[in-house]
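Me: I would like to go through the ligand site of this model and ask what each term rests on.

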Amino acid sequence: MTAPTTRFDALLLPGMDRAVGHARRWLRDVLGREHPCLDDAALCMSELLTNALRYTESGRAGQIRVEVTYSARTVRIEVIDDGRAATTPHVAEAGELDVTGRGLRIVASIARDWGTELRGKGRAVWFEL
Ligand SMILES: Nc1ncnc2c1ncn2[C@@H]1O[C@H](COP(=O)(O)OP(=O)(O)OP(=O)(O)O)[C@@H](O)[C@H]1O
Ligand SMILES: [Mg+2]
């Protein structure tokens, strides 16, 4: 059996709200509209990008690096922020009426696996589908 072809791509984004839409369009171009993981990958990536903007130095005139490793059936995405956050990424206990605290819960429920690791002065949050 031959191993499936694995490809890699990366994108450097300015730490601005419009980066999220830009990254979604980029991901669609990289994976192709027909990729079976495109919708889930775009959803999870958007949550990680929003967190990077909201909680880390990336959103204070910083930047975000997105790395995608993919095959015809799988996707792994890493979102690397600029760090200096007051918190660490965690699955929050969101009550029924809470309007926040759901992003990483969604990622954890959709992804096959996810996690975080320190990367340079920032942090990588990753997931695999
Ligand atoms: N990149 C990050 N760096 C530091 N802390 C983070 C990062 N991402 C998330 N967190 C922390 O983890 C918590 C949970 O994140 P999550 O995305 O699940 O919820 P939220 O951002 O509070 O709300 P929602 O995503 O529903 O709008 C955040 O409140 C924040 O404290
Ligand atoms: Mg969030």
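The exchange below takes the terms for the ligand site in turn.

Reply: This is a predicted model, in which local features need pLDDT of at least 70 and side-chain atom pairs count only at pLDDT 80 or more, while totals for chains, interfaces and linings use all residues. Residues are numbered from 1 along each chain as written, chains are lettered from A and ligands numbered from 1 in the order of writing, and side-chain values use heavy atoms, without hydrogens or water.

Me: What makes a residue one of those that surround ligand 1, and how many are there?
Reply: A residue is near a molecule if one of its heavy atoms lies within 4 Å of it, and 16 residues surround ligand 1, with Tyr55, Thr87, Gly101, Arg102 and Leu104 the closest.

Me: Why is the approach of Thr87 to ligand 1 called a polar contact?
Reply: A polar contact is a pair of N or O atoms within 3.5 Å (within protein, one must be able to donate a hydrogen and the other to accept it, and residues adjacent in sequence count only through two side-chain atoms). An N or O atom in the Thr87 side chain is 2.8 Å from a nitrogen atom of ligand 1, so the pair falls within that limit. An oxygen atom of ligand 1 also lies 2.8 Å from a backbone N or O atom of Leu104.

Me: How do you know how much of ligand 1 the protein covers?
Reply: Accessible areas come from the Shrake-Rupley method with a 1.4 Å probe; on its own ligand 1 has 600 Å² of such area, and the protein covers 90% of this.

Me: Why is ligand 1 said to sit in a pocket?
Reply: A pocket is an open set of points on a 1 Å grid over the protein atoms alone, where a 1.4 Å probe fits, with protein on both sides within 12 Å along at least five of seven lines; its lining residues have an atom within 4 Å of a point. A molecule sits in one if more than half of its atoms lie within 2 Å of its grid points, and ligand 1 therefore meets this test for the largest pocket.

Me: Which residues line the largest pocket closest to its centre?
Reply: The largest pocket holds about 550 Å³ of space, and of its 30 lining residues Asn51, Tyr55, Pro89, His90 and Leu104 are the closest to its centre.

How values were computed
Grid points are joined across faces, edges and corners, and a volume is the space filled by probe spheres set on the points.
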